[in-house]
Amino acid sequence: MDGGAQYNPRTVEEVFRDFKGRRAGMIKALTTDVEEFYQQCDPEKENLCLYGFPSEQWEVNLPAEEVPPELPEPALGINFARDGMQEKDWLSLVAVHSDAWLLSVAFYFGARFGFDKADRKRIFNMINDLPTIFEVVTGAAKKQTKDKSLVSNHSGIKSKFNSKAAKYLKASQPKDEEDGLDEEDDEEHGETLCGACGENYAADEFWICCDVCEKWFHGKCVKITPARAEHIKQYKCPSCSNKRARP
């Protein structure tokens, strides 16, 4: 658990980059890697914590032994609650504690390296522009952007098939035809967030929508290429594919 021991961000930009890396790792644990995360949180083991690292990796491990620790510690004993509630509720609880931990780490760096009032406000605003882990895990961020698009969308509801097809076609269409498609697609999906990493939709990236939960994902986040997507009749994201009845 040396994710922050040898890396000390000192500027607002560096702290925000550290925050985004840790956040991406924890979102990965609670979405695309949820099956592996679930298995590692064995209630029979000792107190376990979920750590996110600046490298966008995650780890379930015991808390740091040193007192006081190098960095603030995440919630202790997340594994004990795993089998005592519905899986989605447990994941939501872990997500909430993960959000709190990320904020504590960011402002720990701010305090340690003397951020003034303007710096603290800046880092908070940068963090606040991103959806929380809880919002990504529960789909609240997706619902918020969907509600906005329903208000502003004057062209009616479009089928998921057409939305997906638009993204498949981008790779093969001439530039002049692609530009017209981008304007229409960007209007509808500009604020869509990836269900894996939580980042915004970008016109130059391939995306795919899960036919079960209807969340959108970067192809690279779920390891799906445009060529492979053309042969998928019904796409299920890793989280939906791994869902099964829990004891």
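**A tour from helix α4 to the aromatic cluster**

Select residues 117-128, which make up helix α4, and pick out Phe-124 within that helix. The model on screen is predicted. Phe-124 has a relative accessible area of 39% and is therefore classed as partly exposed, since that class lies between the 20% limit for buried and the 50% limit for exposed. Now add Leu-103 and Phe-107 to the selection: together with Phe-124 they make a nonpolar surface patch of about 230 Å².

Next, turn to the aromatic rings. Searching the whole structure gives 5 aromatic pairs. Begin with Phe-37 and Trp-58, an edge-to-face pair whose centres are 6.0 Å apart and whose planes meet at 80°. Colour helix α2 (residues 34-40) and strand β2 (residues 58-61) to see where the two rings come from: Phe-37 belongs to the helix and Trp-58 to the strand, so this contact ties together parts that are 21 residues apart in sequence.

Show the surface and check how far each ring is covered. Phe-37 has 0% relative accessibility and so counts as buried. Trp-58, at a relative accessible area of 13%, is buried as well, because the limit is under 20%.

Keep Phe-37 selected and add Trp-90. These two rings form a stacked pair, 5.3 Å from centre to centre with 15° between the planes. The pair links distant parts of the chain, as Phe-37 sits in helix α2 and Trp-90 in helix α3 (residues 87-112), 53 residues apart. Trp-90 has a relative accessibility of 1% and therefore counts as buried.

Which residues form one aromatic cluster with Phe-37? Select Tyr-38, Trp-58 and Trp-90 alongside Phe-37 to display the cluster. From there, centre the view on Tyr-38 and bring in Arg-82. The charged end of Arg-82 sits over the Tyr-38 ring, at 4.2 Å from the ring centre.

For the last stop, select residues 12-30, which form helix α1. This helix has 19 residues, and the distance from its first C-alpha to its last is 27 Å, close to the 27 Å expected at 1.5 Å a residue. Is helix α1 mostly covered or mostly open? Colouring by accessibility will show that α1 is mostly covered, with 14 of its 19 residues buried.

Terms used. Residues are numbered from 1 along each chain as its sequence is written. This is a predicted model: local features need pLDDT of at least 70, side-chain atom pairs count only at pLDDT 80 or more; totals for chains, interfaces and linings use all residues. Side-chain values use heavy atoms; hydrogens and water are left out. Patches are made of residues with over 30% relative accessible area and no salt bridge: like charges are joined within 9 Å, nonpolar side chains (Val, Leu, Ile, Met, Phe, Trp, Tyr) within 5 Å. Accessible areas come from the Shrake-Rupley method with a 1.4 Å probe; for residues, only the protein chains shown count as cover. A salt bridge is a side-chain nitrogen of Lys or Arg within 4 Å of a carboxyl oxygen of Asp or Glu. Helices (H or I, at least four residues) and strands (E, at least two) are DSSP runs, numbered from the N terminus. Buried means under 20% relative accessible area, exposed over 50%, partly exposed in between (1.4 Å probe, protein chains only). Rings of Phe, Tyr and Trp (its six-membered ring) pair if their centres lie within 6.5 Å; planes under 30 degrees apart count as stacked, over 60 as edge-to-face and the rest as tilted. A charge sits over a ring if NZ of Lys or CZ of Arg is within 6 Å of the ring centre and within 35 degrees of the ring normal. The expected span of a helix is 1.5 Å times one less than its number of residues.
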